[in-house]
Amino acid sequence: MSYQVLARKWRPRTFHELVGQTHVQRALVNALDQGRLHHAYLFTGTRGVGKTTLARILAKCLNCTANGRGDEGITSTPCGQCDSCQAIDEGRFVDLIEVDAASRTKVEDTRELLDNVQYAPTQGRYKVYLIDEVHMLSTSSFNALLKTLEEPPPHVKFLLATTDPQKLPPTVLSRCLQFTLKHMPPERVVEHLTYVLGEEGVAFDESALWLLGKAAEGSMRDAMSLTDQAIAFGQGAVRHADVAAMLGTLDHRHILGLAEALADVDVQRLLAEVAELAEQGPDFAAVLDELSSLLHRLAVAQMVPDAVDNSHGDRDVILQLASRFTAEDIQLYYQIGIQGRGDMVHAPDLRSALEMTLLRMLAFRPQGVPKPPRTPLPLRREPTGKAASEMNAHVPAPATVSSAPAPTPETTTTPDVQSISEEQPTPEAQSEPQVEPQTPPAAKEGAPLQELPPWVVENETPSLEVSAPQQGPEPAAMVEPVPVAESTAAPEPVSSPAPELATDPAPAQEEPASVAPTGRLDNAKWLQCFDALGLGGLTRNLAGNCLVESDDGTLLTLRLDPSQEAMQAEVHQTRIERALKEQGMSRRIAFYVAELSNSLETPRQREERLNQERHAQAVDLLNHDPHVQKLQQAFGAKLIESSVKPADEMR
């Protein structure tokens, strides 16, 4: 079996036999069937994708005589049996003039070629000029061709083919119908080779075909040529080992072995793989390049599994291997690999450079766990339910607020600030004189702490720590949170403001524990469950500017601020409905655009108010801090209130 057998026997004879060029096939077939023919066609694409073959098929369509010798005989499915079709297939059709522009670049050659344009075709219906690698023509040749290309005789068609259309003058491009042939992916090459070898009865390994498909670099012609060479090399069979030896390429299985050793954090296996590679005398720089490429595919597999490149036919292996890495490790390994590739020129030898790069990957890997945990794929997915609320900055209330109307230390089991301050009083807090805690102005003016949202209960500890400097000289209490377990041994009592919070049962009375209120929703329940819905982005902004207009148990009508009317979209409505359903409140959502009531508060307004209150409280605590006062007295310092952030926002 020779290349002539494979290439010529399986060369496409009609448009329907073209591999991977459906878009061009469809356009040309429709044009031929409808009789809408242009005088000049330009076929572009990389080498070996079928430009010249496509031009010959089009020449047969224009000159096939099976349906008659007149213009009505033009067809999109040439018979292949008439004299014209057979002559074109055999390369002896007088009216098909094929020109290699790479060898005939002079203007004299072009003028000689165009001298016969005016004469009618001798044998066929059209005189077809097929100019291959047309971008190689000189500027003078293009100028000589331009006038004829613009207004050719009715019996002349120009078919131009090139791998570099950017080198063609715009005046030529504007006079042609351009068709760009696609680059052949390895999957398509392997599919076609599987069919050809199956029809030819040649034994093969699928992994060997993937090596051929990768080596062809998008060219089906090169793939057929390499396949014929592999058949001869393997004595009538296409085997993986023979193809790898013939191509002299790196065995991809060794790269997978290196990645598996990195996943297992197995240094001994890692060096053993490098030693096995060294026996084959590879290019170690290429090994590192392949490993970096594999890490890129692993990162894609973690984020978008469906987008994994299958150029090696190992998609399933990549997906399985991606789950054994953390996303941070893959990014770190890739960055170290790229940096190590640039450092290879300074290394004493390439093998030691590769080994040092691999060892550096493991040496700088975070040491939190001995081996990376399994990573569920994909990493990026839309958060839902409680998972979404945990990802947000706000933590829902069920784990921190008791459902009793007035919780007591005996009945409350939730580890909130109130229970901590009552169950674990410190001796110092009982014996030392207490300093009256400062009440923020915002709280005195009618914004009591019982209006705080559910997440604030858990974040109150930082606020208590800010006030601790009033009780003792240690400034560290302003920065570092005081652990609950160590509260009994703390020399500075941080629970001095706690009695006021502990004796005020209002937060527990107005904030029920359930994030999914039963019954029909009103605005108070809407505020209560809003953060537990886990909404984010534009959807959260839209819902946060709404009040509950009505709820009949099936349809929830939300009054929307007119300033946010432009944000309405079906996708936001669907997300709100889904979030409510996951919280046990199945509702359809309808928006009613109207001015908001001043007596009710939207989730967005409540959030802004609470932020202002926390900021005012933090500023007030700093103004009364003895250390800040000393700085003001000694150096004339001034507190920049806009730079103050509550402790819970700094986490």
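Student: Which helices and strands do the buried residues of helix 9 pack against?
Tutor: Good place to start, and keep in mind that this is a predicted model. Helix 9 covers residues 206–216, and its buried residues are Ala-208, Leu-209, Trp-210, Leu-211, Leu-212, Gly-213 and Ala-216. The elements they pack against are helix 8, strand 6 (203–204), helix 10 (220–233), strand 7 (237–238) and helix 11 (240–247).

Student: Let's take helix 8 from that list. Are helix 8 and helix 9 parallel or oblique?
Tutor: Look at the axes of helix 8 (residues 186–200) and helix 9, which come within 9 Å and cross at roughly 125 degrees. An angle counts as roughly perpendicular from 65 to 115 degrees and as roughly antiparallel over 145. The crossing angle therefore makes helix 8, relative to helix 9, oblique.

Student: Which handedness does the crossing of helix 8 and helix 9 have?
Tutor: Picture helix 8 passing helix 9, with the axes crossing at roughly 125 degrees. The crossing of these two helices is right-handed.

Student: How many residues of the contact of helix 8 with helix 9 are nonpolar?
Tutor: Helix 8 brings Pro-186, Glu-187, Val-189, Val-190, Leu-193, Thr-194 and Leu-197 to the contact, and helix 9 brings Leu-209, Trp-210, Leu-212 and Gly-213. Gly counts as polar here. With two polar residues and one charged, the number of nonpolar ones is eight.

Student: What is the phi of Glu-217, just after helix 9?
Tutor: Step just past the end of helix 9, and you reach Glu-217. Its phi is positive, at about 55 degrees.

Student: Where does Gln-235 lie, and is Gln-235 buried or exposed?
Tutor: Gln-235 has a positive phi of about 55 degrees although it is not a glycine. Its place is in the loop between helix 10 and strand 7. Exposed means over 50% relative accessible area. At 77%, Gln-235 is therefore exposed.

Student: Now the sheet, please! What is the order of its five strands?
Tutor: This is an open sheet with parallel pairing. Its edge strands, each pairing on one side only, are strand 2 (96–100) and strand 5 (177–180). The twist averages 15 degrees from one strand to the next. Reading across the five strands, the order is 2-3-4-1-5.

Student: Which residue in strand 3 is the bridge partner of Asp-100?
Tutor: Strand 2 and strand 3 (residues 127–132) run parallel and are joined by five bridges. Asp-100 has its bridge partner in strand 3, and that partner is Asp-132.

Student: Which residue in the loop between strand 3 and helix 6 has a positive phi?
Tutor: The loop runs between strand 3 and helix 6 (139–150). The residue you want is not a glycine, and its phi is about 50 degrees. Its name is Glu-133.

Student: Which strands does helix 2 lie across?
Tutor: Helix 2 spans residues 22–34 and runs at about 150 degrees to one of the strands, strand 5. The two that helix 2 lies across are strand 1 (40–44) and strand 5.

Student: Are helix 2 and helix 3 roughly parallel or roughly antiparallel to each other?
Tutor: Helix 2 and helix 3 (residues 51–63) have their axes 12 Å apart and pack at an angle of about 15 degrees. Angles under 35 degrees count as roughly parallel. These two helices are therefore roughly parallel.

Student: How many charged residues are in the contact of helix 2 with helix 3?
Tutor: From helix 2 come Val-24, Leu-28 and Leu-32, meeting Leu-54, Leu-58, Cys-61 and Leu-62 of helix 3. The contact divides into seven nonpolar residues and no polar ones, and the number of charged residues is none.

Student: What is the relative accessible area of Leu-558?
Tutor: Leu-558 sits in strand 9 (residues 555–560). Beyond its sequence neighbours, its contacts include Trp-526, Val-548, Ile-589 and Phe-591. The C-alpha atom of Phe-591 is 4.9 Å from that of Leu-558, although the two are 33 residues apart along the chain. Leu-558 is buried, and its relative accessible area is 0%.

Student: Finally, is Arg-269 buried or partly exposed?
Tutor: Arg-269 lies in helix 13 (residues 267–278). Leaving out residues up to four places away, Arg-269 touches Gly-257, Glu-260, Ala-261 and Asp-264. Buried means under 20% relative accessible area. At 29%, Arg-269 is therefore partly exposed.

Notes: Residues numbered from 1 in each chain as written. Predicted model: local features only at pLDDT ≥ 70, side-chain atom pairs only at ≥ 80, totals over all residues. Heavy atoms only, no water. Pairing = 2+ DSSP bridges. Helix = DSSP H or I, 4+ residues; strand = E, 2+ residues; numbered from the N terminus. Axes fitted to C-alpha atoms, helices over the stretch in contact; angles between N-to-C directions. Contact = heavy atoms within 4.5 Å. Left-handed = near helix turned anticlockwise from the far one by under 90°. Buried < 20%, exposed > 50% of the residue type's maximum accessible area, 1.4 Å probe, protein only.
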